[in-house]
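Work through the exercises below with the sequence and the structure open. Try each task before reading its solution.

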Amino acid sequence: MSVAQPSVLPFVAAQPLVDHHCHGVLRAGGDLAGLLNEADGAAVADGMAFDSLAGLAFRRWCPPLLGLESHASIEDYAERRAGLDPAEVNRRFLDACGLRALCVDTGYAPGGLLSPAETAGFAGAAAFEIVRLEQVAESLAGTGVSAAAFPDAYRAALSERVAGHGGSGVSVAGLKSIAAYRVGLDLDGRRPADAEVVAAVSRWLGGRYDAGDDGHGGYKGDGGDEGGDGGTGEGGRVPRLADEVLHRFVIWCGADLGLPIQFHVGYGDRDVDLHRCNPLLLTGLLRALEPTGAPVMLLHNYPYHREAGYLAQVFPLVYADLGLATHNAGARATALLAEALEMVPLRKFLFSSDAFGLPELYYLGTLLFRRALSSFLAGRLDDGDMGLADAERVTRLIGAENALRAYRLDG
Amino acid sequence: MSVAQPSVLPFVAAQPLVDHHCHGVLRAGGDLAGLLNEADGAAVADGMAFDSLAGLAFRRWCPPLLGLESHASIEDYAERRAGLDPAEVNRRFLDACGLRALCVDTGYAPGGLLSPAETAGFAGAAAFEIVRLEQVAESLAGTGVSAAAFPDAYRAALSERVAGHGGSGVSVAGLKSIAAYRVGLDLDGRRPADAEVVAAVSRWLGGRYDAGDDGHGGYKGDGGDEGGDGGTGEGGRVPRLADEVLHRFVIWCGADLGLPIQFHVGYGDRDVDLHRCNPLLLTGLLRALEPTGAPVMLLHNYPYHREAGYLAQVFPLVYADLGLATHNAGARATALLAEALEMVPLRKFLFSSDAFGLPELYYLGTLLFRRALSSFLAGRLDDGDMGLADAERVTRLIGAENALRAYRLDG
Amino acid sequence: MSVAQPSVLPFVAAQPLVDHHCHGVLRAGGDLAGLLNEADGAAVADGMAFDSLAGLAFRRWCPPLLGLESHASIEDYAERRAGLDPAEVNRRFLDACGLRALCVDTGYAPGGLLSPAETAGFAGAAAFEIVRLEQVAESLAGTGVSAAAFPDAYRAALSERVAGHGGSGVSVAGLKSIAAYRVGLDLDGRRPADAEVVAAVSRWLGGRYDAGDDGHGGYKGDGGDEGGDGGTGEGGRVPRLADEVLHRFVIWCGADLGLPIQFHVGYGDRDVDLHRCNPLLLTGLLRALEPTGAPVMLLHNYPYHREAGYLAQVFPLVYADLGLATHNAGARATALLAEALEMVPLRKFLFSSDAFGLPELYYLGTLLFRRALSSFLAGRLDDGDMGLADAERVTRLIGAENALRAYRLDG
């Protein structure tokens, strides 16, 4: 299933991975520079994007799958890629990932993006959906619901989505909040009263909101905080949700359903105020959410991955990963993983690629993660810090079992 | 004295250590999982605690001292341990630590914990006491002193405690503040006026405080912010001290005595708001305290150990250590120590274990610290970054001399 | 040109460096301990300064250039150095740096400091000047200009300075803000209106400002925030500028000129409140400045060098370096550089020494930087992460081309 890699421990190379946070791939094409990392526009123009550790990793690992030498220029690569059947490109990279299951965030899905099932199909993996909490609210707002009816309507709409209605056709395994992009993570721990929510909805939708709207067509949530778009929804009828009370409200509604809730944390595109995305800012909310029993998944976390590990240690329902920092750091992913593992319980660390659009990003994410994990475990084995049985068990935990258990993917 | 370790430089292995911040060991028994790291309850249940780098280090290093193979399961280990005489367990681990002196924080001492002298006795080391500033205040509050009399009474009580009255029977070498646990480290630099203190005491003790109390029995400070308990003193008559003015007051009272003042910084249990425990938040207070001449010891510091090193560089009276992060990071302690040493003056870095309850934690703390220091120095020697004489001198400084000088343990 | 170093890749050793942020060297003498790192006074007394990784690096690398063995004691070193012609000391170290061009910050230039041209002359390098934005404002204030006239007068004065009038006689290549030292980096993004500036100038100069002053002699800006002095300008007639509105104003005036603007970020002397110097606090201002087209150079950044790399990734005009952290971390500079390169575009990372006063600091800065870069690239080459052509190109980019392009030094 996965391509053999020298210098990767055999049991790590052979471990099927559950990718608990990713996006669909594009049906065809894709802007290589614009999708490689979190920058866009002038920040990636003229080859800039590939002059980075991420770009060097891309050029090392991806060309051979298209029949080119490692370290081919990105121009040669793009030319070769453009000459191939797009489905064949998707198939080659995704098939080489060694994936068992994908949890696909459908909250940002511009035209041309394949569905969870289609994406997973290329990988020979099971597909699950992650529903974005704010996207459900923005969609609901587009239906013309009144502010007074919003709290109940949201709870109903979210339950419907979780039950699979109106979604991508696969089971919903978890939820996601992008509060980090909109208001930062300094969220109050209290569950907001419905009256507060009604007032916040009125503020949010205010005059720009036409209750007499016919309800069809209309709103197309941008949600483009991730994936290199960054559009802010100008032109849509519903302004994007960015209100501390409402983010809290949708998070609490999600927690009431008992599903794992993913939080974007740390590193992201330029819409993020990164100093407001330290996961420690969630401390009060994490304490408050604990009685709901809903797992909380801290995504990416860079450069706060040590902080995330600490939270996962002291809060029983908190999990962490390295997410998109893995492929973005290229050869440094190995060093980052070692830092991320310092304090985190090994039963609560997960793999995710946060791949979006390009099948190469799935491939790089899985490959760099396996290399990093293998390097970490090989060092421990060489030094006598753990025995082989423990190393194999840790690989199973982090590679798949932690995600299967937390998301109940086998249940 | 210390157990020979392959791959540790001989002069590091032979260096007696001064542990400038630790706690007593339990007379017998102890919850291995609950005491291993800073988590408790569900966060460590079902073996979770040992699925961590700390747990792997525990299972590598501790079983041989009980006659088991390295990497024995924690179940086998616990069974073997339960069959041994508890004093023998304490003796085996503490005797293998290579300790010269212990500075024991007595501010949290639940039943079953041995005294500083008893604990040090197992290690063949000298014992000193660290008095917790807030604990003296909470004890004083339990005597029924009026708010108006509090400032003078506190100064007198602290002087008494420092002189050895009412304590553990060994010399008091320093003081400690747990402001980090209670209000965070964003403390004003100003010394509070007595009138401010009186007002704060009134706020603190308010209606819950019976001035007519007979003064005996009664209050039993929980102080359980450390050591895995985390009790909040419910049921005690005196609410726990958590007031920025009062933390500042007791710190200034301590500084006036000229003794080293330890601050809990960074990593701790789930009562901590870790983002409020960045040592940089102390910057203003550190500037203000300088004229008192009292050394300030920044404990643990993870993940802010670089920040602590910076403070120790620019403020002449500030010292730093890695404390409980050492054994909690297991095999990663080596990497952390290298980071911690980047900016810190080598005359102002200290060793501490922050061990509590389990003699194994003393053993792991000293062992992982020596391995980390040895690895760092061996790398420098191999690369030619320092000569042998410097490496030996740095070992003496960090291992013992810095603490002996700062705490005047030989004076 | 540069001294051959074993274990440094030949193309890294041979790469001429552009030092985009440094200071002049002293004509003679210099307090070795006081200038080694960011501490002063009691914090470096009695050899303390040299008991550090910076001190160990100094003692390893500098003695051979004065004919002593590596690791000579600092006493022996100081004695040998005092017996040599000071110009010869400057020549030996600067000539061994392999420098192509220096951008010299002239904002803090106490007596005895050589000019940019004189300093660069010892290195056989081209000299450029960096004008400190706040110093121009403080000088202007000393002329007795009225608050009402200040905005226009500042714009005129800055244009004059940039055109080379009243400066050091070499071309002005960029500007610098020391807002970090004075008010921190949490600057509003908005360009202040002139009326706000006038009000702020009135606050700043208030009663301490004699409008009838004859305008000559008089004010002597301290600006001593860097370089180990830290004087606060007491005794000068003009209080030092420390007002969020005015820092913003001078930054916007600089940006309007289109020149690169350097920001002191992170690590500095004890006047800094380091937690207010996180470059992420600049996020709003960076967004706002983008339309001006002025490059923004984040200096030093430690311990926020990862954060700086992120900003350089997502903002097209932001650059980053490791600056004075390089020589201060000694043997750990290698580890720091690897962290700094994780997210930063390789076309936007620069070299700077932040050397001040001692020619040894230039030498250490260039030497440790080359060693760190070589170590990083050698690791990538050994692991197959990049090919030789890429490694050579990255060396040219980081070593010189990025600075030449951003500062238009060849234009």
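**Exercise 1. Salt bridges, from the whole to one pair**

Task: How many salt bridges does a search of the whole structure find over all chains? Then place the pair Arg347(C) and Asp51(A) in its elements.

Solution. The model is a predicted one. Start with the total: the search finds 90 salt bridges over all chains. Now take one pair. Arg347(C) forms a salt bridge with Asp51(A), and their closest N and O atoms are 2.7 Å apart. This pair crosses between chains. Arg347(C) sits in the loop between helix H15 (333-340) and helix H16 (359-383) of chain C. Asp51(A) sits in the loop between helix H2 (32-36) and H3 of chain A.

**Exercise 2. The contact of chain A with chain C**

Task: Describe the contact of chain A and chain C by residues, by area and by polar pairs. Which element of chain A gives the most to this side?

Solution.
- Residues: chain A brings 36 residues to the contact, and chain C brings 32.
- Area: the two chains bury about 3000 Å² between them, with 53% of it on carbon and sulfur atoms.
- Main contributors: Asp51(A), Arg270(A) and Arg332(A) supply 24% of the area that chain A buries against chain C, more than any other three residues. Asp51(A) is also the salt-bridge partner of Arg347(C).
- Salt bridges: nine are counted between chain A and chain C. One of them joins Glu290(C) to Arg270(A), with the closest N and O atoms 3.1 Å apart.
- Polar contacts: 23 residue pairs are found across this interface, both residues at pLDDT 80 or more.
- Elements: helix H3 (53-61), helix H14 (325-328) and helix H15 (333-340) of chain A each give two or more residues to the side that touches chain C. H3(A) gives the most, with four residues.

**Exercise 3. The contact of chain A with chain B**

Task: Repeat the description for chain A and chain B. Which three residues of chain A supply 20% of the area it buries here?

Solution.
- Residues: 32 residues of chain A touch 36 residues of chain B.
- Area: about 3000 Å² is buried, and carbon and sulfur atoms give 53% of it.
- Main contributors: Tyr310(A), Met343(A) and Arg347(A) supply 20% of the area that chain A buries against chain B, more than any other three residues.
- Salt bridges: the count between chain A and chain B is nine. Among them is the pair Glu339(B) and Arg306(A), at 2.8 Å from N to O.
- Polar contacts: the count is 24 residue pairs, both residues at pLDDT 80 or more.
- Elements: the side of chain A that touches chain B takes two or more residues from each of helix H12 (283-289), helix H13 (305-314), H15, helix H16 (359-383) and helix H17 (388-406) of chain A. H13(A) gives the most, with five residues.

**Exercise 4. The sheet of chain C**

Task: Give the strand order of the open sheet in chain C. Why is one side of E1 and of E7 left without a neighbour?

Solution. Seven strands make up the open sheet, in the order E1-E2-E3-E4-E5-E6-E7 with parallel pairing. Strand E1 (17-22) and strand E7 (318-320) of chain C stand at the edges with a single partner strand each, so one side of each has no neighbour in the sheet. Neighbouring strands are turned by 25° against each other on average, direction ignored.

Next, look at one pairing. E1(C) and strand E2 (residues 99-105) of chain C run parallel and are joined by four bridges. Asp19(C) stands opposite Leu102(C) in E2(C).

Then add the helices. Helix H6 (residues 116-123) of chain C packs on the sheet and touches E2 and strand E3 (126-132). The direction of H6 makes about 145° with that of E3(C). Helix H13 (residues 305-314) of chain C also packs on the sheet, touching strand E6 (296-300) and E7. The direction of H13 makes about 150° with that of E7(C).

**Exercise 5. A record and its span**

Task: Which residues of chain A does UniProt list for "domain: Amidohydrolase-related"? What does the model show for that span?

Solution. The unreviewed UniProt entry lists residues 252-409 of chain A. In the model, the end C-alpha atoms of this span lie 22 Å apart. The span is 49% helix and 8% strand.

Note on methods. Residues numbered from 1 in each chain as written. Chains lettered and ligands numbered in written order. Predicted model: local features only at pLDDT ≥ 70, side-chain atom pairs only at ≥ 80, totals over all residues. Heavy atoms only, no water. UniProt positions renumbered as here; feature names shortened; annotations may be inferred. Pairing = 2+ DSSP bridges. Axes fitted to C-alpha atoms, helices over the stretch in contact; angles between N-to-C directions. Contact = heavy atoms within 4.5 Å. Buried area = accessible area lost by both parts, 1.4 Å probe. Salt bridge = Lys/Arg side-chain N within 4 Å of Asp/Glu carboxyl O. Polar contact = N/O pair within 3.5 Å; in protein donor to acceptor, adjacent residues only side chain to side chain.
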